[in-house]
Amino acid sequence: VNTERPGASLDTYRQRFMKKSVHWKGPGHPILVILGGEGPLDPPMLYQFVHDGLAEEFGAFVLSPEHRFYGES
């Protein structure tokens, strides 16, 4: 029980995600977060244009969390 916010829960859950760091050029470069729809996160990675095209162009790290309550999350 959270005593600072009555009614708030401190429960945790497992969050599944995919990441792609092959194009990331390190600190100072962007992190792209791709939020999928209401469904499980299944390979191949979603939005190939972002994962391959934009990530390479900007030297970005890409993170795709799975929507909570769908798939294994």
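# A guided tour, starting at W24

Begin by selecting W24, which is partly exposed, its relative accessible area being 35%. Before going further, keep in mind that the model on the screen is a predicted one.

Keep W24 selected and add F61, for a search of the whole structure finds one aromatic pair, and the rings of W24 and F61 form that pair edge-to-face, because their centres are 5.9 Å apart and their planes stand at 75°. Since W24 sits in the loop between strand 1 and strand 2 while F61 belongs to strand 3, the pair ties together parts that are 37 residues apart in sequence. F61 is buried, with a relative accessible area of 17%, which falls under the 20% limit for that term.

Next, colour strand 3, residues 61–65, together with strand 1, residues 17–20, and you will see two strands that run antiparallel and are joined by four bridges. To look at one of these places in detail, select M18, whose bridge partner in strand 3 is S64.

Now add strand 2, residues 31–33, which pairs with strand 3 in the parallel sense over three bridges. Here the residue to pick is I31, because its bridge partner in strand 3 is F61, the residue whose ring you have already seen beside that of W24.

With I31 still selected, add W24, V33 and L35, and show the surface: these four residues form a nonpolar patch there, with about 410 Å² of accessible area together. L35 is found in the loop between strand 2 and helix 1, and it counts as exposed, since its relative accessibility is 62% and the term applies over 50%.

Stay in the loop between strand 2 and helix 1, and select G36, which is partly exposed at a relative accessible area of 27%. If you then add P65, you can follow a separation of 29 residues in sequence that comes down to 7.5 Å in space, taken from C-alpha to C-alpha.

The last stop is helix 1, residues 48–58. Which residues of helix 1 are buried? They are V50, H51 and A55, and because they cover an arc of only 90° around the axis, they lie on the same side of helix 1. Finally, turn the view to the face of helix 1 that is directed away from its buried side, where the exposed residues F49, E56 and E57 are carried.

Methods
Residues numbered from 1 in each chain as written. Predicted model: local features only at pLDDT ≥ 70, side-chain atom pairs only at ≥ 80, totals over all residues. Heavy atoms only, no water. Pairing = 2+ DSSP bridges. Buried < 20%, exposed > 50% of the residue type's maximum accessible area, 1.4 Å probe, protein only. Patch = residues over 30% accessible without salt bridge, like charges linked within 9 Å, V, L, I, M, F, W, Y side chains within 5 Å. Areas by Shrake-Rupley, 256 points an atom, 1.4 Å probe, with all protein chains shown as cover. Salt bridge = Lys/Arg side-chain N within 4 Å of Asp/Glu carboxyl O. Phe/Tyr/Trp six-rings, centres within 6.5 Å; stacked < 30°, edge-to-face > 60°. Arc of directions from axis to C-beta.
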